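Hi everyone, thanks for making the time. I'd like to walk you through one model today, starting with its pockets and then turning to its salt bridges. Let's put it up on the screen.

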Amino acid sequence: MAYKTREGNPLILGPVRVAGGINFSVFGPEFSKICLLLFAPGKDEPVILPFDCRINRHGDIWHLMVVGDLAGYRYAYKVYSAADNDNGRLALDPYARYLSGGEVWGQPHQWLGGIIADGFDWHGDRPLERPLADTIIYELHVRGFSRHKSAGVRQPGTYSGLVEKIPYLRELGITAIELLPVFEFDENDNSHFQPESGRRLKNFWGYSPLAFFAPKSAYAGVPGEVALEFKTMVRQM
């Protein structure tokens, strides 16, 4: 399949839906060349779309618009610089709204950016405007809070599982929750081992983000629906 591209806009970083397609924009002052690797749904081999430095670069920003509806597509960048002798290396987009490949907790991950559908019905949701003096904050970990069988939720360790616990939190008198890191991270990056079993430990906490705008996929009850599930949790809370 041939893809049509246009110059794009340097002022909106990340993959952003615009009239007619998706605008890709990334900060890369050290890059001598950059290509967009675009994976169609169900495909393991990417289409390679090069950026033209005369057209698709303004200052330190590289930008390219791809025409068409790319919902469900995955992507990455191949970047070239003097630091890697211009051999090129794969790079994730730090402004990705979703990272695919990390949907199952503890499994080896093959990270790629993902294009998600826009639009969400917030049902007119507005801030509660409760004074801070009247606020009781409960800090919790999305996975840890509802994993124990005593939690009694249908989807333990997920954003949806937290929604199921709203009545419990209200019964305690809680008026706000503060979540430990919910952006995408690699739980397999822990180099320590459990001394008795020798089993490699996981990074449970997540203070080593891969993408600050992509919610943790392994906390979603439905693979690939993490953005929708996260927004639903926020609305229900």
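Start with the second largest pocket: 20 residues line it, and those nearest its centre are Ile116, Ala117, Gly224, Glu225 and Ala227. Do keep in mind that this is a predicted model. The space in this second largest pocket comes to about 300 Å³. Which element gives the most to its lining? That would be helix 4, with 4 residues. As for character, the lining of the second largest pocket splits into 9 nonpolar, 6 polar and 5 charged residues.

Now over to the largest pocket, with a volume of about 490 Å³. Here 18 residues form the lining, and Leu128, Thr175, Ala176, Ile177 and Met237 are the closest to the centre. Helix 4 (226-236) turns up here as well, next to helix 3 (166-172) and strand 13 (176-179), as the elements that give two or more residues to this lining. By type, the lining of the largest pocket has 11 nonpolar, 3 polar and 4 charged residues.

On to the charged pairs. How many salt bridges does the structure hold? There are 5.

Let me take Arg17 and Asp69, whose side chains meet in a salt bridge at 3.4 Å, N to O. Arg17 sits in strand 2 (residues 14-18), while Asp69 is in the loop between strand 7 (61-67) and strand 8 (74-80), so this pair ties together parts that are 52 residues apart in sequence. Arg17 is partly exposed, at 30% relative accessible area, and Asp69 is exposed, at 59%.

Next, please find Arg54 and Asp52, where the side chains meet in a salt bridge at 2.9 Å, N to O. Is Arg54 buried or exposed? Arg54 counts as exposed, with 71% relative accessibility. Its partner Asp52 is partly exposed, with a relative accessible area of 22%.

Then we have Glu164 with Arg154, a salt bridge whose closest N and O atoms are 3.7 Å apart. This pair links distant parts of the chain, 10 residues apart: Glu164 belongs to helix 2 (residues 159-164), and Arg154 to the loop between helix 1 (142-145) and helix 2. Glu164 is partly exposed, at 24% relative accessible area, whereas Arg154 counts as exposed, at 72%.

One last stop: Glu184, Glu187 and Lys216 are joined into one network by salt bridges that share partners.

That's my tour, and I'm happy to go back to any view you like.

Notes: Residues numbered from 1 in each chain as written. Predicted model: local features only at pLDDT ≥ 70, side-chain atom pairs only at ≥ 80, totals over all residues. Heavy atoms only, no water. Salt bridge = Lys/Arg side-chain N within 4 Å of Asp/Glu carboxyl O. Buried < 20%, exposed > 50% of the residue type's maximum accessible area, 1.4 Å probe, protein only. 1 Å grid on protein atoms, 1.4 Å probe; cavity = no way out; pocket = protein on both sides within 12 Å on 5 of 7 lines; lining within 4 Å. Points joined across faces, edges and corners; volume = space filled by probe spheres on them. Nonpolar A, V, L, I, M, F, W, Y, C, P; charged D, E, K, R; others polar.
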